[in-house]
Amino acid sequence: MANNFPDYTLLPATAHRWFLEVKRLDHSLSDGDAAQAVNYANNQGAEWAVFTNGRKWLIYNVRLP
């Protein structure tokens, strides 16, 4: 984890913020990478986190178990 901020924040000034973590197109998505996106959302009180390499998109609602 290079920093404590997501690559992109969508709708940042609203209660409906989404955090987007983006990896290279040839990057294989891993659980650790997904955890990075979810942690950003949890730490900032956002409900949604998205993790993608451009080919595959994983969307997480961090309030669901």
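A polar contact here is a pair of N or O atoms within 3.5 Å, where, inside a protein, one atom must be able to donate a hydrogen and the other to accept it. In this predicted model, the side chains of Asn61 and Glu47 make such a contact, at 2.9 Å. Asn61 sits in strand E4 and is buried, with a relative accessible area of 15%. Leaving aside residues up to four places away in sequence, Asn61 touches Glu47 and Trp48. The second of these partners, Trp48, leads on to the aromatic side of the story.

A search of the whole structure turns up 1 aromatic pair. That pair is made by Trp18 and Trp48, which are stacked, with 5.0 Å from centre to centre and 10° between the planes. Trp18 belongs to strand E2 (residues 18-22) and Trp48 to strand E3 (residues 48-52), so the stack ties together parts of the chain that are 30 residues apart in sequence. What about solvent? Trp18 has a relative accessibility of 25% and counts as partly exposed. Trp48, at 26%, is partly exposed as well. Strand E3 as a whole is another matter: 4 of its 5 residues are buried, so the strand is largely enclosed by the rest of the structure.

The strands that carry the two tryptophans are also partners in the sheet ladder. E2 and E3 pair in the parallel sense, over 5 bridges, and within this pairing Phe19 has Ala49 of E3 as its bridge partner. To get from E2 to E3 the chain passes through helix H1 (residues 31-44), and the resulting β-α-β crossover is right-handed.

E3 has a further neighbour in strand E4 (residues 57-61), to which it is joined by 5 bridges, this time in an antiparallel arrangement. Ala49 turns up again here, standing opposite Tyr60 of E4. Ala49 is thus matched with Phe19 on one side of the pairing scheme and with Tyr60 on the other. The hairpin of E3 and E4 has 4 residues between the strands, and Gly54 takes a positive phi near 90° in it.

Back at E4, the strand that holds Asn61, the threads can be joined up. Asn61 touches Trp48, and Trp48 in turn stacks on Trp18. Glu47, the other residue that Asn61 touches, is linked to Asn61 through the 2.9 Å polar contact between their side chains.

Definitions and conventions:
Residues are numbered from 1 along each chain as its sequence is written. This is a predicted model: local features need pLDDT of at least 70, side-chain atom pairs count only at pLDDT 80 or more; totals for chains, interfaces and linings use all residues. Side-chain values use heavy atoms; hydrogens and water are left out. Rings of Phe, Tyr and Trp (its six-membered ring) pair if their centres lie within 6.5 Å; planes under 30 degrees apart count as stacked, over 60 as edge-to-face and the rest as tilted. Buried means under 20% relative accessible area, exposed over 50%, partly exposed in between (1.4 Å probe, protein chains only). Two strands pair if DSSP finds at least two bridges between them. A crossover is right-handed if, with the strands pointing away from the viewer, the path from the first strand over the helix to the second runs clockwise. Contact means heavy atoms within 4.5 Å.
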